[in-house]
Amino acid sequence: MPPIPSETPEPAVADAILDWFSQHRRDLPWRRTYEPYHVWISEIMLQQTQMERGVAYFTRWMERFPDVASLAAAHEDEVMKLWEGLGYYSRARNLHRAARMVHELHGGCLPDTVEGLQALPGVGPYTARAVASIAFGRDVCVIDANVERVASRLYDIEAPVKSRQAREEIERRCAALLPPGRARDFNQALMEFGSLVCSPRNPACAACPVAAWCRARALGVQESRPVTAKAQPPIYLTMATGVLVHDGRVLAQKRMADDIWANLWEFPGGIVEEGETPPLAVIREYMEETGLTVNHPVPIGSFRHSYTRYRVTLHAFSVTLLSDPSELVLSAAQEHRWATWSQIKSLAFPAGHRQLVRHLDGDETFLAGVRP
Ligand code: SF4
């Protein structure tokens with residue numbers, strides 16, 4: 001077992017991590033110019049998103065919204081469509097609102113302080129610090145899950161990582177490590193090091209440039225750091241939805257603004273209640289949500305997806321309209337459309353419905369019955 005380090009020389013640790021970063025940093029699009037708008041968008045996109053996926057979405061986003069002005073001027077449906085598939089849709093709605101605020105109140109330039117950034121919708125302490133340091137070089141620490149893990153191991157922090165005690169210690173340790181004037185590189189270095197070397201499982205300790213100062217490694221407990229709370233068990237949901245075609249157009253409704261998946265589109269439907277079958281749930285949901293009577297549900301397929309703790313199975317049916325379409329009255333949505341298929345494909349749907357749209361897009365029989 002290596003000797004347990006009695007102290008951590010901050011400048012040496014910071015230098016070793018910065019050296020490692022200068023040799024191994026990934027070439028990411030927002031790192032080419034550190035344009036504040038790019039850094040901001042990347043920080044919001046990368047929350048809960050894998051890097052490769054984040055880069056693909058970022059590239060597509062910049063082609064359509066290259067600056068604050070173009071994002072501020074966009075229609076929300078287009079913003080949501082570009083975000084479709086990334087999840088946590090409040091991030092896209094907040095980006096849009098924040099871009100309008102920056103455009104109107106700050107002449108299109110992002111505020112350059114933590115406080116100014118935090119006044120924007122959707123910008124919390126983490127994002128404000130990340131943008132302030134990476135885009136504007138402010139000397140503040142940025143603590144994400146990677147940094148929490150590196151600090152918990154380097155200093156063998158035994159308190160649960162989300163506890164106040166651990167948070168305060170991590171902040172204090174990181175502030176001591178931060179070399180003045182190097183916040184842009186150092187914060188990115190620490191996060192990247194946590195992601196690529198000091199990874200959650202099988203950290204690459206043998207190749208680690210700070211191994212000599214790592215207390216968890218010396219004690220052989222690196223795999224048990226950080227200490228985390230027990231994971232909550234998953235919640236299983238069964239849902240049903242119906243695709244209604246009338247006169248060649250497909251009925252879609254836009255979810256309420258204060259709802260989960262707010263402002264996304266969907267086909268009417270909902271949770272299958274206890275003792276109910278999915279086809280009966282579709283008929284009931286149509287009546288409750290639209291006032292329309294539908295019948296003869298014909299199975300299309302079942303689609304599975306997860307969000308947070310939820311594991312959802314969505315049973316999809318095509319349904320037949322029995323009432324007059326003019327009887328439609330929405331009770332669970334803010335607007336509806338009788339849409340052509342290309343219009344349906346231009347709308348943003350949550351995960352299960354998106355899989356359904358993709359499935360229908362390959363179904364020649366279905367497509368023959370709808371307007372392109
Ligand atoms: S020695 Fe291992 S556990 Fe410690 S910081 Fe390096 S990679 Fe992480």
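Two strands pair if DSSP finds at least two bridges between them. With that in hand, here are three exercises on this predicted model.

**Exercise 1. Strand E2 and its partners**

Work out which strands pair with E2, and in which sense.

*Solution.*
- Step 1: Start with strand E1 (residues 235–246), which is joined to E2 (residues 249–255) by two bridges. That count reaches the cut-off of at least two, and the strands run antiparallel. To find a bridge on screen, go to Val 245, whose partner in E2 is Val 250.
- Step 2: Look at the link between E1 and E2. The two strands form a hairpin with two residues between them. In the turn, Asp 247 has a positive phi of about 55 degrees.
- Step 3: Turn to strand E7 (residues 333–339), which is antiparallel to E2 and joined to it by six bridges. Here Ala 252 stands opposite Arg 337 in E7.
- Step 4: Add strand E3 (residues 265–266), which pairs with E2 in the antiparallel sense over two bridges. Gln 253 has Glu 266 in E3 as its bridge partner.
- Step 5: Check the surroundings of E2. Six of its seven residues are buried, so the strand is mostly covered, given that a residue with 20 or more other C-beta atoms within 10 Å of its own counts as buried.

**Exercise 2. Two helices in contact**

Decide how helix H1 and helix H11 are oriented: roughly parallel or roughly perpendicular?

*Solution.*
- Step 1: Take the geometry. H1 (residues 10–24) and H11 (residues 183–196) pack at an angle of about 75 degrees, and their axes are 9 Å apart.
- Step 2: Apply the cut-off. Angles from 65 to 115 degrees count as roughly perpendicular, and therefore H1 and H11 are roughly perpendicular to each other.
- Step 3: Inspect the contact. From H1 come residues including Ala 14, Trp 20 and His 24, while H11 brings Asp 185, Gln 188 and Leu 196, among others.
- Step 4: Sort the contact residues by class: 10 are nonpolar, two polar and two charged.

**Exercise 3. The shell around the ligand**

Find out how many residues surround the ligand, and which are the closest.

*Solution.*
- Step 1: Count the shell, which has 15 residues. The closest are Cys 198, Cys 205, Cys 208, Cys 214 and Gln 222.
- Step 2: Assign them to helices. Helix H9 (145–154) and helix H12 (215–219) each supply at least two residues, and the largest share, three residues, comes from H9.
- Step 3: Sort the shell by class, which gives 12 nonpolar, one polar and two charged residues.

Note on methods. Residues numbered from 1 in each chain as written. Predicted model: local features only at pLDDT ≥ 70, side-chain atom pairs only at ≥ 80, totals over all residues. Near = placed C-beta within 6 Å. Helix = DSSP H or I, 4+ residues; strand = E, 2+ residues; numbered from the N terminus. Nonpolar A, V, L, I, M, F, W, Y, C, P; charged D, E, K, R; others polar. Axes fitted to C-alpha atoms, helices over the stretch in contact; angles between N-to-C directions. Parallel < 35°, antiparallel > 145°, perpendicular 65-115°, else oblique. Contact = placed C-beta atoms within 7 Å. Buried ≥ 20, exposed ≤ 12 C-beta atoms within 10 Å, placed from the backbone.
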